[in-house]
Amino acid sequence: MGQKVHPYGFRVGYTKNWRSRWFSKQDYAKLLHEDLALKASLRDRLKAAGVSSIEVDRPGNKLRVTIRTSRPGIVIGRKGAEIEKLKQELAGRTRREVFIDIQEVHKPELDAQLVSESIALQLEKRVAFRRAMRKAVDSALRFGCKGIKVRVSGRLNGAEIARSEWYLQGQLPLHTLRADIDYGFSEARTTYGVIGVKAWVYKGEILDTQARPSLFGEPEPRRMPPRDRRERDRRPVPPAPLAEPSGPPVQAAPGELPQPARMSTPITPPLAPPQPSWKQELKPEPLAASLSTETQAESAGPAEGPSGAEDQAQKE
């Protein structure tokens, strides 16, 4: 099975801020459950107001709730009557001094939570899921987002086997930390089951993460840049002392070049064909043998012939 990472939690502390900003050494679990119940009740009560997110701060013994909504008029009410009633209700439940801040979402088409809630509302009204998804994708691209992905899962169109359908337009770099990706999830409770709706909206990259103020609202202490592990392990090597020249540079005499080995017999190629027998028979005698035969003939005297026989007869 695939292990999915939440796009918001993956970037918390880098480009995203915490949704609840407080810390307590005592009654931590109690305050955590109080936050969860508070957010669930506010979402249920302000369902028609288009609530994008609810953030909780606990400065001291006080409680500050920040509500981001696309319809602030519904939350505030006529002359602030609704927000005052909500403030008194929260103060009586938590027994703390409550402050409520309202922030308006100017482009709800680019808010992932509002996009998923609008698709879920259309599915509950029995609108075709493909039409609702395509409409949300087109409106988000028209308002200037760089990429959007919408996914619905469940018994689509009342089918007996649940399946998933999704649309993706533009780019969606989920592994890039500096990418500003908004994520939203909601459920459509239909007559044939629950259909889950997820939305991812890519709004661009946040490049000034070092220059922007801290996510905590307070200046952070300066930190030394982390050193590379190889640089940390590498020890400095002292430079070798340079020898001072005592005189002018002298070039060394070149050595003897290697001479080829001399062989008494001629080298025949390894693949030379053997000589035929008739060539061996007609092979001329060497010059040394012919010279030796001529010297022997001269030392023996003139050969006896017809002229030699006549001279001997005249002597007799």
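Buried here means under 20% relative accessible area. With that cut-off in hand, a good place to start in this predicted model is helix H1, where the buried residues are Leu31, Glu34, Asp35, Leu38, Lys39 and Leu42. These residues share one side of H1, because they take up an arc of only 130 degrees around the axis. Charged names turn up in this list along with leucines, among them Glu34, Asp35 and Lys39.

Flip to the face of H1 that points away from the buried side, and the exposed residues there are Lys30, His33, Leu36 and Asp44. As for what sits over the buried residues, the cover includes strands E1 (20–21), E2 (51–57) and E3 (62–69), along with helix H3 (81–94). The length of H1 also checks out: its 18 residues (28–45) should span 26 Å at 1.5 Å a residue, and the end C-alpha atoms are indeed 26 Å apart.

Further along the chain comes a sheet. Four strands line up in the order E6-E5-E8-E7, with antiparallel pairing, and the sheet is open. Its edges are E6 (163–170) and E7, each of which pairs on one side only. On average, neighbouring strands here are turned by 10 degrees against each other, if direction is ignored. In general, strands of a sheet pair through backbone hydrogen bonds, and they can do so in parallel or antiparallel fashion.

Zooming in on one pair, E5 (147–154) and E6 run antiparallel and are joined by eight bridges. One residue to look up in the structure is Ser153, whose bridge partner in E6 is Ser164. Helix H5 (129–142) packs on the sheet as well, where it touches E5 and E6, and its direction makes about 20 degrees with that of E6. Another helix, H4 (112–124), lies across E5, E7 and E8, and runs at about 20 degrees to E7.

That leaves the link between two of these strands. Tyr192 lies in the loop that connects E7 (179–190) to E8 (193–205). With a relative accessible area of 25%, Tyr192 counts as partly exposed, because the buried class stops at 20% and the exposed class begins over 50%. Leaving aside residues up to four places away in sequence, Tyr192 touches Arg155, Asn157 and Gly158. Gly154 makes a handy reference point for the same loop: Tyr192 and Gly154 are 38 residues apart in sequence, yet their C-alpha atoms are 9.5 Å apart in space.

Notes
Residues are numbered from 1 along each chain as its sequence is written. This is a predicted model: local features need pLDDT of at least 70, side-chain atom pairs count only at pLDDT 80 or more; totals for chains, interfaces and linings use all residues. Side-chain values use heavy atoms; hydrogens and water are left out. Helices (H or I, at least four residues) and strands (E, at least two) are DSSP runs, numbered from the N terminus. Buried means under 20% relative accessible area, exposed over 50%, partly exposed in between (1.4 Å probe, protein chains only). Contact means heavy atoms within 4.5 Å. The expected span of a helix is 1.5 Å times one less than its number of residues. The arc is that of the directions from the helix axis to the C-beta atoms. Two strands pair if DSSP finds at least two bridges between them. Axes are lines fitted to C-alpha atoms, for helices over the stretch in contact, and angles run from 0 to 180 degrees between N-to-C directions.
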